[in-house]
Amino acid sequence: MALILELAVQGAQMILVLLLAPLLTGFVRKVKARLLRRQGPSLVQPYRDLLRLMRKEVVLADNASWLFRVTPYLIFATTWVAAALIPTFATGLTFSWTADLIAIVALLGSARFFLALAGMDVGTSFGGIGSSREVMIASLAEPAMLLIVFSLALVAGATQLSTVAAFMGSPQVGLRVSLGMSLIALVMVAVAENARIPVDNPSTHLELTMVHEAMVLEYSGRHLAMIEFAAFLKLLLYMSLISCVFLPWGLAAAGAGLESLAPGVVAYIGKLAVCGILLAVFETAIAKMRVFRVPDFLGAALMLALLGTLLLFVSRSL
């Protein structure tokens, strides 16, 4: 009976991230519209967009290979698994032993690899430009992400997220400059990975400036729905990761009863709302930078993560 309950809670977490991902994107869009004194779309508009795309017919290029057809499902599956592994409202779930930071980085890297290949598969100029820019961003974002993982591993003594969250919520952590640097670097990486302003504009369709949209221009129908859903899940994933590691309050402990799970869900939704509001305010207050300045932006994130790791090494050696 206990095993069935644990599996049910794990399944509830997987379904929760699946249901909240479009709502989070709709919430960010709504807040941005309100800040610009516009009415804005409905909160459930992303759900409507996905349903509309699922009903449309798929249009494929004549020279599209099997990779072009399979990639949307691979991207959706890997992103969903990565988002579902992160502890959202409880730690120590059935599959929490698989929620390793390095595994999550590997899953996201695999999704990016297949998306870049699919962008070049048809042979269009825009797809090639978008793929090259995506790889350029990944070449700086992934090392920064790994350095953030190393910093957290040095502090918590593990890369397993339940262990990291439990340690970060304990009083023995305190205020550390290295963790502050890691947090800023993680936010910068999250902005770049999700193609948000100032790195990219998710609402633009200018071919010479967009990155993510250039790779998916040839997709339509259910294939485009899978890619858009994966983008929603990726935004939720990074916000969940920031909440789990740096805002671990409200997480139900391992083996807690059902009465402790409801406050954990409420706290998780509240943290997502705060992160969404901060993202909307940030994107409204800043302009998109040129593509050639993106390496400087991610280079700053890489240096912050490196400095945080070096500070931890120096403090441990003293």
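**Surface.** I looked up the accessible surface of the chain: about 14,800 Å², with 71% of that area belonging to carbon and sulfur atoms. Note to self: this is a predicted model. I then checked burial, and buried residues account for 51% of the 318 in the chain.

**Charges.** I counted 22 positive and 17 negative charges in the chain, and their mean positions sit 9 Å apart.

**Overall size.** I got about 55 × 50 × 45 Å for the C-alpha trace along its principal axes. Next I tried the globule rule: for 318 residues a compact globule would come out near 20 Å in radius of gyration, and the chain has 20 Å, so the two agree.

**Fold.** I went through the elements and found 11 helices and zero strands. Read from the N terminus, the order is α-α-α-α-α-α-α-α-α-α-α. For contacts, I took pairs at least 6 apart in sequence; 82% of these join residues at least 24 apart.

**Helix α4.** I picked α4, residues 101-121, for a closer look. Is its span what 1.5 Å a residue should give? With 21 residues, α4 should cover 30 Å, and its end C-alpha atoms are 30 Å apart, so expectation and model agree.

Which residues of α4 are buried? I listed L101, I104, V105, L108, G109 and A111, then R112, L115, A116, A118 and G119. I noted that an arginine, R112, is among the buried ones.

Last, I asked what covers the buried residues of α4. The cover includes α3 (66-85), α5 (125-156) and α6 (161-168). It also includes α7 (177-193), α8 (212-215) and α9 (221-246).

Terms used. Residues numbered from 1 in each chain as written. Predicted model: local features only at pLDDT ≥ 70, side-chain atom pairs only at ≥ 80, totals over all residues. Heavy atoms only, no water. Helix = DSSP H or I, 4+ residues; strand = E, 2+ residues; numbered from the N terminus. Rg over C-alpha atoms; globule rule 2.2 N^0.38 Å. Buried < 20%, exposed > 50% of the residue type's maximum accessible area, 1.4 Å probe, protein only. Contact = heavy atoms within 4.5 Å. Areas by Shrake-Rupley, 256 points an atom, 1.4 Å probe, with all protein chains shown as cover. Lys, Arg positive; Asp, Glu negative; His and termini not counted. Charge placed at Lys NZ, Arg CZ, Asp CG, Glu CD. Expected span 1.5 Å × (residues − 1).
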